[in-house]
Amino acid sequence: MPKPNMYQSLHTTLIAKNGQPFEIQIRTFEMHRTAEYGIAAHWKYKERGSGDTTVRDEEAKLSWLRQILEWQKDVSDNKEFISMVKNDLDLFSDNVYCFTPQGDVKNLPAGSTPIDFAYSIHSAVGNRMKQAAVNGKMVPLDYKIQNGDRIEIFTSQNVKGPSRDWLNIAKSTQAKNKINQWFKQEGRAGNITRGKELVASCAKGKGFEISDLTKPEFTKKVITKYGFRDWDSILAAVGHGGLKEGQIVNKLIDLYQESKKKAPTDEQVLASVIENNKNKPVKIRSTNGVLVNGVVDVNVRFSRCCSPVPGDEIVGFITRGRGISIHRTDCVNVIALPESEKSRLVDVEWQQESFHSNEKFMAEIKIFCNNRIGIFADISKIFTEREIDIASMSSKTSKQGTATINMSFEVGGVDALQQLINRLMAVNSVIDIERSNG
Ligand SMILES: [Zn+2]
């Protein structure tokens, strides 16, 4: 069966008595033409005059073109590609065939070294190469590979990368490319680290914490202003000196101070919460904030007394200076609230997204049961099955032998919680389960 690109051949690798592996490929002349020239073989075959002395040249050109096209896949930079092609017009020189320890054939340009061989396997092999052996003997890295050599590459995690000399030793464009690429990437990583340090120390010099300045809402604006792709690119530019760190830091400071000015005080926020709440309930977005009719973000705290989760009926309590605390409507603390404080209660409701996000909310339940050996294991097992982490678990046993187990854990919402409770109710000896409500 030919491959989709029409290649068709029989391959086998044999090992000779002396341990030398060699690959045999068997094909008809027609299969061979297709293997060498691909689809182009057909027009070439037609145009070829028999006994033409230029056939060898033409073949060389075609194989050259073939290799160029193959390389083009690996090279992203056009300039680099052109210079590579120019430098390698010696493609017509013969190739050298050698073997991996497994007996696979590698075809490299004549004059190739173990460096070329290593990179032809994988750039990671080249980048971590420590030593090479040919036919079982250690060789220097500039050893010229001979036809039929069996080459073994030894790598080490301690090798940090290629050396610059390798660019002169390597023969194949592929290896040189990969070495250059390594230096480019390595250079970028170094520039980013340097840039980061420069920006941080500049910010510190101006009396700012770098973590305050590099919030995404600020960095995003700086990235757009300077037309960079991402923050790392900005840091890399600072690192190699293309951008001045002072410029970047000043811009960040401006943005930071602007945002400070705009941020409403707690008092203003709460006033607006009360004002806006007249007609519509305040929406709870997540554990990070409530949404007042889609406009203001306020600190929100889910009170520990009743641990509301999405789906519970809830009410908000405007605290003094600490945002809004959320309780279940059946929380004893809400029910027992003095008349004078009731004006601080606001209607709140879960925003629809709370039910779909992966966010988890702390819930607490009390399990009443007859104390028996193994009941803790049975209960824990149900949590494990559902991949729910138990945050805390404590129990009290009465003289009559009944136990109250308090458990807290995180769930996504009231449905998941109810399912869990139903499952726990089915455990032998469990009498009742209730959610803590203050
Ligand atoms: Zn409560």
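Let's start with a term: a residue is buried under 20% relative accessible area, exposed over 50%, and partly exposed in between (1.4 Å probe, protein chains only). By that scale Met393, with a relative accessible area of 31%, is partly exposed.

This is a predicted model, where local features need pLDDT of at least 70, side-chain atom pairs count only at pLDDT 80 or more, and totals for chains, interfaces and linings use all residues. Residues are numbered from 1 along each chain as its sequence is written, and side-chain values use heavy atoms, leaving out hydrogens and water.

Now for the zinc ion. Its partners are Cys305 (SG), Cys306 (SG), His327 (ND1) and Cys331 (SG), at 2.1 to 2.4 Å; donors are N, O and S atoms within 2.8 Å of the metal (3.2 Å for Na, K and Ca), and water is not among the atoms, so sites may look incomplete. Along the sequence, the donor residues follow the spacing C-C-x20-H-x3-C. Cys305 sits in the loop between strand 11 (300-302) and strand 12 (314-318), while His327 is in strand 13 (residues 324-328), so this pair ties together parts that are 22 residues apart in sequence. Helices (H or I, at least four residues) and strands (E, at least two) are DSSP runs, numbered from the N terminus.

Here's how some residues compare with the opening cut-offs:

| Residue | Relative accessible area | Class |
|---|---|---|
| Cys305 | 21% | partly exposed |
| His327 | 10% | buried |
| Asn135 | 43% | partly exposed |
| Glu387 | 73% | exposed |

Backbone angles come next. Most residues other than glycine have a negative phi. Asn135, however, has a positive phi near 50°, and Glu387 has one of about 55°.
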